[in-house]
Amino acid sequence: MARGIATCTCATCGKQFEKIVFRSKRSEADSWVAWAERNYDQCPDCWKAAQEAVAKAEAEKAGLPELTGSPKQIAWAERIRHRIWTDYTEYEDRCRQFAEQTGYDMEVFAAEVAKCREVFSRITSAKDYIVHQDDMLSKFLDTYMESK
Ligand SMILES: [Zn+2]
């Protein structure tokens, strides 16, 4: 077992960071290190910041509300919400295609979509996203819908 440690430089903040890999042969570990040092140019902090910026921009575009909680909770919850929202909109697209193909009443479909999206607009607690990140789509949205 050979360990390779690549020392990479962040193109955004200039900070150095390490990437570690284990390979069966020394030559494989060394060639990975050379590759990694050429290709990894974003440190974990800048990667996280970039993810947060994307999540924030997407949330604004989708008209999702500001979240409440500590700054750390909000940043974490925004990344979770981004993932859930992406899954949800993909699911919505598949449902739309199915509805169109099967001759479903598209006005009824639009009303159902509006109802689902409205539920997202009512979830403002960062904690709710953090606690329910794994069952948000399967269970939690139903709870919110029923509570109306
Ligand atoms: Zn950086």
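Angles over 145 degrees between two helix axes count as roughly antiparallel. Keep that cut-off in mind for the first exercise, and remember that this is a predicted model.

**Exercise 1. Find how α3 and α4 are oriented to each other, and which residues make their contact.**

Step 1. Start with the axes: those of α3 and α4 cross at roughly 170° and come within 11 Å.

Step 2. Compare this angle with the cut-off of 145 degrees. The two helices, α3 and α4, are therefore roughly antiparallel.

Step 3. Now look at the contact itself. From α3 come W85, E92, R96 and A99, while α4 brings M106, F109, V113 and F120.

**Exercise 2. Describe the loop residue Y104 and its surroundings.**

Step 1. Locate Y104 first: the loop that holds this residue lies between α3 (71-101) and α4 (106-122). In the part just after α3, G103 has a positive phi of about 70°.

Step 2. Is Y104 buried, exposed or partly exposed? A residue needs 20 or more other C-beta atoms within 10 Å to be buried, and 12 or fewer to be exposed. Y104 has 14, so this residue is partly exposed.

Step 3. List the contacts. Setting aside residues up to four places away in sequence, Y104 touches A99 and F109.

Step 4. Finish with a distance. From Y104 to G69 there are 35 residues in sequence, and their C-alpha atoms lie 41 Å apart in space.

**Exercise 3. Check whether the lengths of α3 and α2 agree with what is expected of them.**

Step 1. Take α3, which has 31 residues. At 1.5 Å a residue its expected span is 45 Å, and the C-alpha atoms at its ends are 45 Å apart, so the two values agree.

Step 2. Repeat this for α2 with its 18 residues. The expected span is 26 Å, and this agrees with the 26 Å between its end C-alpha atoms.

Step 3. Look at what follows α2: just after this helix, G63 takes a positive phi of about 70°.

**Exercise 4. Work out how α2 meets α3.**

Step 1. Two packed helices are described by the distance between their axes and the angle between those axes. For α2 (residues 44-61) and α3, the axes come within 9 Å and cross at roughly 60°.

Step 2. Name the arrangement: this angle makes α2 oblique to α3. The crossing of α2 past α3 is left-handed.

Step 3. Identify the residues that meet. On the α2 side they are Q51, E52, V54, A55, K56, E58 and A59, and on the α3 side A75, E78, R79, R81, H82 and W85.

Step 4. Follow one of them, A59 of α2. Apart from residues up to four places away in sequence, A59 touches L64, E78, R81 and H82. With 18 other C-beta atoms within 10 Å, A59 is partly exposed. A59 and E100 are 41 residues apart in sequence, and 27 Å separates their C-alpha atoms.

**Exercise 5. Find the largest nonpolar core and say what α3 gives to it.**

Step 1. Collect the buried residues of α3, which are I74, W76, A77, E78, I80, R81, H82 and I84.

Step 2. Which residues make up the largest nonpolar core? There are 10 in all: L67, I74, W76, A77, I80, I84, I123, A126, Y129 and M136.

Step 3. Trace where they come from. At least two core residues are supplied by each of α3 and α5 (126-131). The largest share, five residues, belongs to α3.

**Exercise 6. Set R3 beside D45 and state the exposure of each.**

Step 1. Place R3 in strand β1 (residues 2-9). R3 has 11 C-beta neighbours inside 10 Å and so counts as exposed.

Step 2. Turn to D45, a residue of helix α2. D45 has 13 other C-beta atoms within 10 Å, so D45 is partly exposed.

Step 3. Add the contacts of R3: leaving aside neighbours within four places in sequence, they are I20, F22 and A29.

Step 4. Close with two distances. R3 and V33 are 30 residues apart along the chain, with 9.5 Å between their C-alpha atoms. D45 and A11 are 34 residues apart in sequence, with 12 Å from C-alpha to C-alpha.

Terms used. Residues numbered from 1 in each chain as written. Predicted model: local features only at pLDDT ≥ 70, side-chain atom pairs only at ≥ 80, totals over all residues. Helix = DSSP H or I, 4+ residues; strand = E, 2+ residues; numbered from the N terminus. Contact = placed C-beta atoms within 7 Å. Expected span 1.5 Å × (residues − 1). Core = buried A, V, L, I, M, F, W, Y, C linked by C-beta atoms within 7 Å. Axes fitted to C-alpha atoms, helices over the stretch in contact; angles between N-to-C directions. Parallel < 35°, antiparallel > 145°, perpendicular 65-115°, else oblique. Left-handed = near helix turned anticlockwise from the far one by under 90°.
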